[in-house]
Amino acid sequence: MGQGLWRVARNQQLQQEYGEQWDAGPGLDGDPQDLGMEMGANPGQAPPSPSPGMGDLGGGPLPPHPHPRRHPQHCQGADIYQLLRARRGKAQQGFIDLEMLPPELSITILSYLNATDLCLASCVWQDLGHDEYLWQGLCKSTWGHCSIYNRRLPYGFSYRSLYMMLDEGSLTFNANHQEGISYFMSKGILVDHPKELAKFIFCTRTLNWKMLRVYLDERRDVLDELVTLHNFSNQFLPNALRDFFRHIHAPEERGEYLETLITKFSHRFCACNPVLVREVCLSPDAVYVLCYSLILLSIDLTSPHVKNKMSKREFIRNTRRAAQNISEDFVGHLYDNIYLIGHVAA
């Protein structure tokens, strides 16, 4: 159930084995036969007695062991060693009892689990598995923004129940986007405002991109707010276009929706990079042309059906015909980026 839990369990096992060896060391409180084994005697034979031929020792006591045993040192503060040893009286199991550890350590271990594993853990540690802190972290790590996060929560509110509703709503959206959004609003998770819906989409990775594309095509007001959430400052044009299409997937065919996306991206990119606009003489129309050139170049270089790939010189020549104010070096860097990194809309 995670590397952290495995390490704690392994440390417990080592501590128990190490402590048992010193609590009952051979020749002291242990079996005398163990002493015979230590001194080289065969099993079943008594340990050899000292003989007169042993020099100055004679019949005196045995010399000290060349490697004296050392008892484990105890750390100050919270004695984790004693906490682990306290579990010796219980039935030996394959994992440690998290309830024997400090609550902060137990919560930290369980925070590495996903929702499915946390539900299984709650069958063993009911109080820890239903901890609100853990379920709140799962909700906000999967659905980064919801309108309900910013409201005052009622008494008895459960983040575990909220996670179940968010998961149910996401599955509903992936089957039917209209029913999914209606479900979120009926449960009070979202409010019907373009900015709130755009933030929810921007911070969520569980929504089906095909359904999301259909929804954004129908709700252009949400699309406008979603574009403004992107910050393309100090980003190279192909990298910014990849980031844009990572949140707003490009359609499979060229059409009015693709032209709308590129137009909105061009204006947003210029707004985020005023210095680059002045230095390279960029404009929204020039960025629009460059975006189409990058998409066509991506298809040309990555498609197995295209045998004769476009060269760098051909790309520069074709692009500068449509955008004459763009320098040759800048267009050449665009080609290198696509050649080395890949498709802008993959």
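Me: Which residues do ring pairs link into a cluster?
Reply: Happy to start there, keeping in mind that this is a predicted model. Rings pair if their centres lie within 6.5 Å. Ring pairs of this kind join five phenylalanines into a cluster: Phe232, Phe244, Phe245, Phe265 and Phe269.

Me: How do the planes of phenylalanine 157 and tyrosine 159 meet: stacked, tilted or edge-to-face?
Reply: By the pairing rule the count comes to 15 aromatic pairs. Phenylalanine 157 and tyrosine 159 form one with 5.1 Å centre to centre and 85° between the planes. Planes over 60 degrees apart count as edge-to-face, so this pair is edge-to-face.

Me: Is tyrosine 159 buried or exposed?
Reply: Buried means under 20% relative accessible area. Its partner phenylalanine 157, at 21%, counts as partly exposed. Tyrosine 159 has 9% relative accessibility, so this residue is buried.

Me: What lies over the face of tyrosine 149?
Reply: Here we look for a charge, and NZ of Lys has to be within 6 Å of the ring centre. A residue lies over this face at 5.3 Å from the ring centre, and that residue is lysine 140.

Me: Which helix gives the largest share of the lining of the largest cavity?
Reply: A search of the whole structure finds one cavity of 30 Å³ or more, with about 30 Å³ of space in it. The lining includes Trp209, Leu212, Arg213 and Leu216, and its residues divide into five nonpolar, two polar and one charged. Four residues, the largest share, come from residues 209-218, helix α11.

Key:
Residues are numbered from 1 along each chain as its sequence is written. This is a predicted model: local features need pLDDT of at least 70, side-chain atom pairs count only at pLDDT 80 or more; totals for chains, interfaces and linings use all residues. Side-chain values use heavy atoms; hydrogens and water are left out. Rings of Phe, Tyr and Trp (its six-membered ring) pair if their centres lie within 6.5 Å; planes under 30 degrees apart count as stacked, over 60 as edge-to-face and the rest as tilted. Buried means under 20% relative accessible area, exposed over 50%, partly exposed in between (1.4 Å probe, protein chains only). A charge sits over a ring if NZ of Lys or CZ of Arg is within 6 Å of the ring centre and within 35 degrees of the ring normal. On a 1 Å grid over the protein atoms alone, a cavity is a set of points where a 1.4 Å probe fits but cannot get out, and a pocket is an open set with protein on both sides within 12 Å along at least five of seven lines; lining residues have an atom within 4 Å of a point. Grid points are joined across faces, edges and corners, and a volume is the space filled by probe spheres set on the points. Helices (H or I, at least four residues) and strands (E, at least two) are DSSP runs, numbered from the N terminus. Ala, Val, Leu, Ile, Met, Phe, Trp, Tyr, Cys and Pro count as nonpolar, Asp, Glu, Lys and Arg as charged, and the others, Gly among them, as polar.
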